[in-house]
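Please open the model in your viewer and keep the sequence panel visible. The tour below proceeds selection by selection.

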Amino acid sequence: MTQDHVWYVSFVDQRDAPPDRHARRTATFKSEQEAKQFTRTLAQDRRVKSLSAGTINPHQPKRVVGSREIGQWLGDT
């Protein structure tokens, strides 16, 4: 991660894990648009769960998008 990255997307990835294991992964991005594009792709895969996103400290203004708000954040309401 570089200092240029100000957004993160975190998710539980079950795509390449045994059924009894769940790996939480995080990816970082330079812009909110890049993070949204990545999240849209993940949201289409049923094996990806618990998506959340937000800004990385100390970026201001602080933004946290919980798993219940992902659809609204993506504009899918």
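Two strands are said to pair if DSSP finds at least two bridges between them; helices (H or I, at least four residues) and strands (E, at least two) are DSSP runs, numbered from the N terminus. This is a predicted model, in which local features need pLDDT of at least 70 and side-chain atom pairs count only at pLDDT 80 or more, while totals for chains, interfaces and linings use all residues. Residues are numbered from 1 along each chain as its sequence is written, and side-chain values use heavy atoms, with hydrogens and water left out.

**The sheet**

Begin by selecting residues 7-13, which form strand β1. Then add residues 48-55, strand β3: β1 and β3 run antiparallel and are joined by 6 bridges. Within this pairing, Val-9 lies opposite Ala-53, and Val-12 lies opposite Lys-49.

Next, select β2, which is linked to β1 by 7 bridges, again in an antiparallel arrangement. Here Phe-11 has Arg-25 as its bridge partner.

Now display the whole sheet, which is open and has 4 strands in the order β2-β1-β3-β4, paired antiparallel. At its edges are β2 (23-29) and β4 (64-65), each of which pairs on one side only. Add helix α1 (residues 32-43), which packs on the sheet and touches β1, β2 and β3 (contact means heavy atoms within 4.5 Å). The direction of α1 makes about 15 degrees with that of β1; axes are lines fitted to C-alpha atoms, for helices over the stretch in contact, and angles run from 0 to 180 degrees between N-to-C directions.

**The faces of β1**

Show the side chains of β1. In a regular strand the side chains alternate between the two faces of the sheet. Trp-7, Val-9, Phe-11 and Asp-13 point one way, whereas Tyr-8, Ser-10 and Val-12 point the other. Because 7 of the 7 residues of β1 are buried (under 20% relative accessible area, with a 1.4 Å probe and protein chains only), the strand is largely enclosed by the rest of the structure.

**Ser-10**

Finally, centre on Ser-10, which has a relative accessible area of 7%. Which residues should be displayed around Ser-10, leaving aside its neighbours within four places in sequence? Its contacts are Arg-24, Arg-25, Thr-26, Ser-50, Leu-51 and Ser-52.

Terms used:
Buried means under 20% relative accessible area, exposed over 50%, partly exposed in between (1.4 Å probe, protein chains only).
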